[in-house]
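Good morning, and thank you for the invitation to present. I would ask you to keep the sequence and the structure in view while I speak.

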Amino acid sequence: MEEILNEINKEIKPNGGYKMHSYQDVKANYLTYIHNEDSIKLIDDAYKFVEKKHAGIFRKSGEPYIHHLLEVAYILTTLQCGPTTIASGLLHDVVEDTETTIDDINRLFGPECAQIVDALTKIQRLKLSHRTQEEFEAEDRRKIFLGMAKDIRVILIKLADRLHNMRTVEALKPERQQALAKETLEVFAPIAHRIGVYRIESELEDLSLKIQEPQKYNEILDLLNNKIKNRGKALETLKKKIADIILKNNINFEIESRVKSIYSIYKKMYLKGHSFDEIYDVLALRVITETEINCYEILGLIHAQFKPIPGRFKDYIAVPKPNMYQSLHTSIIAGDGNIFEVQIRTKEMDEVAEIGIAAHWRYKEGEKYNPKKEQQEIEEKLHWFRDFVSISSESSDETAQEYMKHLSKDIFEANVYVFTPKGRVIDLPAGSTPLDFAFRIHTKVGEQAVGAIVNNMLVPLNTVLKTGDVVDIKTSKTSTGPNEGWLNIVKTNSAKARIKKFLQKKNNELLRDDKIAKGKQSCVDFFKDRGVDEKEMENLLSTENVLKNYHFDNLDELYIGVSNHNPNPALICDFLGIKRKETQNLNLSKKVAINNDNCPVYVKGTGSGLKISLGNCCTPIPGDTIVGYVTKGMGITVHRAACPNLKNAKSRLIDVYWKDNLGIADYPVDIQLECNDRPNLLADILSTLSSNKIKVTELNAKLHPENLTCTVYCQIYVPDLNTLNKIFQTLKNVHDIYEVKRRVH
């Protein structure tokens, strides 16, 4: 058992107990499987280039920076990565740390290296800027995952880079060590697990635990040492007995001892509440044979000799894990009463178990490498990867935090495996329903879902799925689609996001139809008042002259504009020269009476009979500098002098004035608030206005998810400009409101 003791203790030696490798070590490794002269030259040239470019640059530990690049390359050679990947591993920091550009990499090492280094550089160059720490971390991680979705080689290099950084983390300040350990456990170890690189995953986890929980790390290490000393002899005895049984049946095999990783034990003890003695697979035997049939034969031989523990047998050969892991697991009671786990697998399965996708797609000399074909093969083999790529490609309108939330729950926490009728495996988080399954298959399948058949039985759409279920979704093209209730049924964030998107689009369409109808009716009423029927009105409004003047592409867009008071029907009628029936031309030089005694505005030199109204577009109030706009057949409309709608109307403007004795009256004014979005924002705004005795007749908000802000639109009633300015100052004191202004339609 000495080799196991050495294995688990290596992490606590100075500098992790890792040998520092030279380029000769790297080359010796890759020459075992790379022999093409051009490939060797590519890697040699990359090394010479970075050796020169990084000369004089040192790490925090004081060692030359080139050592880090060599270690990254060495780790990649242990995974038998191809020459482009190894060269890119050597080059991965050269753009970030030197004056070298991506164009230089493209010219010297080709477009593939340039693309990989560019993706890695973009990950490195992310800066904190104005983001919160949480937003920064989320954006940083999204860049890593988006790079991985485009080319799996990016993440292999990032894993190698992070592994060496964690091996040498002691050179950093304690707070930086903690940050790296946290990110490693939250991002890099889960990636390594999902792509099946157990060798890297377990080391990253153990190194992170040693930093975050050193006391618990050392406690588990001591427990492991004691268990190996106390039960090592029993394990060796069992190992010999099993070997004798297999030899008698003429099956080729290898058998070795295995110890559970420190972090895996930590999770069972501190996250799942088991005692150390309740963990049966701390020490195990691994039998490696030639074929799948041999695996099952050996299992039968072991079970015939030793009593298996009920419920502890797992067949990952028939149903592999999402990261392609395959093996038979069984726990047996040895002759002395000790319980040990035995794992049985083929050599190929063992390689996949240790280095995951790197084993399946390891570099093969003589075969033309096609990165797009490799990505496609990965999506076919790692069924979760297709969903991962899908989520990543659809994330452009999400914040980084939303994207990471979706990815963490829908991909990394997925542990329920169900099947399509054709046998494709779909992995979902616990509690998922047929609707989650439907949206994971395709957005259209989810939107058109009308029923579900699980294991040949018709079930409700809110049925909770379990591992092994075969699910078939029934769809209908005439389905009305998702409704609000579906949000309470689905478990996955991706399904919720797609349902919300559908509902938002549907609401926007309804809102659009409503605005078209509202704008059209306004026009119909206004034109009818001028003796123009609906059909003639539509003919007039559809002309290119009208649409072009108001910058609309079609009649529906014009109606939407009218519903938003830009333009209003009066201006359109004025543009077309349509007057009110039986109206006389206005002569403003004559004395005519104002027929609206309540109007707060007057025109010098006129009497009663002239209609004056306040403009809806800029909502002028007493105290504003104002001007009148002469509208044919409609009298005078009062605007604020700065109203942008008067830009081309100078010939029709007239001086108007506020009356001196206005009396007690409130006037509508439209205002616009720019805010940081937060819960209860609208309630706080209403409360502030109410406490200041301000009447509110309209209130709506528009969210801007790209920067987590929103715009709030209000119509309030105030007596004058002085009161409005006081209200503005009060609103600016409301938390998260950073701008208050008048609104012009």
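I shall discuss a sheet, a hairpin and two helix contacts in turn. Please bear in mind throughout that this is a predicted model.

Let me begin with the sheet. Which order do its strands follow? The order is β21-β22-β20-β23, four strands in an open, antiparallel arrangement. At the edges stand β21, residues 695-704, and β23, residues 737-742, each of which has a pairing partner on one side only. On average, neighbouring strands of this sheet are turned by 20° against each other, if direction is ignored.

Within the sheet, strand β20, residues 667-676, and strand β22, residues 709-718, run antiparallel and are joined by 10 bridges. To locate this pairing in the view, please find Asn676, which stands opposite Thr709 in β22.

Two helices lie across these strands. Helix α28, residues 681-691, lies across β20, β21, β22 and β23, and runs at about 155° to β21. Helix α29, residues 721-732, lies across β20, β22 and β23, running at about 160° to β23.

I turn next to the hairpin. It is formed by β7 and β8, with five residues between them, and Gly423 in the turn has a positive phi of about 95°. Four bridges join β7, residues 416-419, to β8 in an antiparallel manner; Val416, for example, has Leu428 in β8 as its bridge partner.

Are the faces of strand β8 covered or not? Both are covered: Val425 and Asp427 on one side, and Ile426 and Leu428 on the other, are all buried. As a general point, side chains in a regular strand alternate between the two faces of the sheet.

Finally, the helix contacts. The axes of α10, residues 152-167, and α12, residues 198-212, come within 10 Å and cross at roughly 35°. This crossing of α10 and α12 is left-handed. Among the residues that meet there are Leu159, Leu163 and Met166 in α10, and Ile200, Leu204 and Leu207 in α12. The contact comprises seven nonpolar, one polar and three charged residues.

The other contact joins α23, residues 493-528, and α26, residues 555-563. Their axes come within 7 Å and cross at roughly 80°, and the two helices are therefore roughly perpendicular to each other. Among the residues meeting here are Arg512, Lys515 and Lys518 in α23, with Asp556 and Glu557 in α26. This contact divides into five nonpolar, three polar and six charged residues.

Thank you for your attention.

How values were computed
Residues are numbered from 1 along each chain as its sequence is written. This is a predicted model: local features need pLDDT of at least 70, side-chain atom pairs count only at pLDDT 80 or more; totals for chains, interfaces and linings use all residues. Side-chain values use heavy atoms; hydrogens and water are left out. Two strands pair if DSSP finds at least two bridges between them. Axes are lines fitted to C-alpha atoms, for helices over the stretch in contact, and angles run from 0 to 180 degrees between N-to-C directions. Contact means heavy atoms within 4.5 Å. A crossing is left-handed if the near helix is turned anticlockwise from the far one by less than a right angle, and right-handed if clockwise. Ala, Val, Leu, Ile, Met, Phe, Trp, Tyr, Cys and Pro count as nonpolar, Asp, Glu, Lys and Arg as charged, and the others, Gly among them, as polar. Angles under 35 degrees count as roughly parallel, over 145 as roughly antiparallel, 65 to 115 as roughly perpendicular and the rest as oblique. Buried means under 20% relative accessible area, exposed over 50%, partly exposed in between (1.4 Å probe, protein chains only).
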